[in-house]
Amino acid sequence: MSENTDFLGTGRRKTSVARVRLSAGTGKVSVNGRSLEEYFPLETQRSDVLLPLNITDTSSKLDVRINVCGGGMSGQAGAARHGISRALLNVDADLRPVLKSAGFLTRDPRMKERKKYGQPGARRRFQYSKR
């Protein structure tokens with residue numbers, strides 16, 4: 001891994017999109033120009049983002065810069081995890097079996113269902129009255 005090369009990965013979940021840039025470094029993680037702790041206040045979200053790095057033992061060798069937009073905090077954390085996993089494949093293709101078995105390379109297809117006409121929501125119907 002050369003010193004000035006960046007490895008890119010794009011991750012998506014729900015309506016969130018994360019653009020991830022990995023570079024050789026000491027393990028610094030920044031999200032939208034802020035630290036990981038500042039951007040994701042919940043520990044579960046922070047650990048979700050860092051899981052691919054921890055499972056592949058690369059957390060202390062790489063600096064991570066994440067640009068994420070759209071959706072909510074949980075969706076953004078999932079998108080960042082997906083993006084880091086895809087970028088790690090560009091760093092080392094031998095990590096694929098580990099990431100694949102953990103399920104980090106699969107995009108989560110669950111989306112909000114659209115509202116349909118003739119009813120107030122996606123599945124909810126207007127109240128039925130016989131008379």
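Which residues of the largest nonpolar core touch the most other members? Let me answer that straight away. They are Leu22, Val49, Val64, Ile66, Ile84 and Leu88, out of 26 residues in that core. One caution before I go on: this is a predicted model.

So where does the core come from? Two or more residues each are given by β2, β3, α1, α2, β5 and α3. The largest share is from α3, with 7 residues.

Take one core member, Leu22. Set aside its neighbours within four places in sequence. Leu22 is then in contact with Thr5, Asp6 and Phe7. Its contacts also include Leu62, Asp63 and Val64. The remaining ones are Ile84, Ala87, Leu88 and Val91. Two of those names, Val64 and Ile84, were in my opening answer as well.

Now the sheet. It is open and has 5 strands. The order is β1-β2-β5-β3-β4, and the pairing is mixed. Which strands sit at the edges? Those are β1 and β4, and each pairs on one side only. As a general reminder, strands of a sheet pair through backbone hydrogen bonds, in either a parallel or an antiparallel sense.

Both senses turn up here. β1 and β2 are antiparallel, over 8 bridges. Within that pair, Gly9 has Val20 in β2 as its bridge partner. β3 and β5 are parallel, over 3 bridges. There, Ser30 stands opposite Arg65 in β5.

Stay with β1 and β2 for a moment. They form a hairpin with 2 residues between the strands. In this hairpin, Lys14 takes a positive phi near 55°.

What lies across this part of the sheet? Helix α3, residues 73-91, lies across β1, β2 and β5. The helix runs at about 145° to β1.

Strand β1 has two faces. The covered face holds Phe7, Gly9, Gly11 and Arg13. The uncovered face holds Asp6, Leu8, Thr10 and Arg12.

Look at Arg13 on that covered face. Arg13 is in strand β1, which spans residues 6-13. Is Arg13 buried or exposed? Its relative accessible area is 16%, and the cut-off for buried is under 20%, so Arg13 counts as buried. Its side chain makes a polar contact of 3.1 Å with the side chain of Asp108. Not counting residues up to four places away in sequence, Arg13 touches Ser74, Gly75, Gly78 and Ala79. Arg13 also touches Arg107, Asp108 and Arg110. So the polar partner, Asp108, is on the contact list too.

Next, the aromatics. How many aromatic pairs does a search of the whole structure find? The search finds 1. The pair is Tyr39 and Phe40. Their ring centres are 5.0 Å apart. Their planes are at 85°, so the pair is edge-to-face. Tyr39 is buried, with a relative accessible area of 9%. Phe40 is buried as well, at 0%.

Two loop residues deserve a stop. Start with Asn32. Its phi is near 50°, a positive value in a residue other than glycine. Asn32 is in the loop between β3, residues 29-31, and β4, residues 34-35. Asn32 is partly exposed, at 32% relative accessible area.

Then Asp57. Here phi is near 55°, again positive in a residue other than glycine. Asp57 is in the loop between α2, residues 43-55, and β5, residues 62-69. Buried or exposed? Asp57 has a relative accessible area of 57%, over the 50% cut-off, so Asp57 counts as exposed.

Last stop, Lys115. This residue lies in the segment after α4, residues 96-102. Lys115 is partly exposed, with a relative accessible area of 48%. Which residues is Lys115 in contact with, leaving aside neighbours within four places in sequence? Those are Pro120, Gly121 and Ala122. A polar atom of the Lys115 side chain lies 2.9 Å from the backbone oxygen of Gln119. Compare its place with that of Leu22, where we began. Lys115 and Leu22 are 93 residues apart in sequence. In space they are 39 Å apart, C-alpha to C-alpha.

Key. Residues numbered from 1 in each chain as written. Predicted model: local features only at pLDDT ≥ 70, side-chain atom pairs only at ≥ 80, totals over all residues. Heavy atoms only, no water. Helix = DSSP H or I, 4+ residues; strand = E, 2+ residues; numbered from the N terminus. Buried < 20%, exposed > 50% of the residue type's maximum accessible area, 1.4 Å probe, protein only. Phe/Tyr/Trp six-rings, centres within 6.5 Å; stacked < 30°, edge-to-face > 60°. Contact = heavy atoms within 4.5 Å. Polar contact = N/O pair within 3.5 Å; in protein donor to acceptor, adjacent residues only side chain to side chain. Pairing = 2+ DSSP bridges. Axes fitted to C-alpha atoms, helices over the stretch in contact; angles between N-to-C directions. Core = buried A, V, L, I, M, F, W, Y, C linked by side-chain atoms within 4.5 Å.
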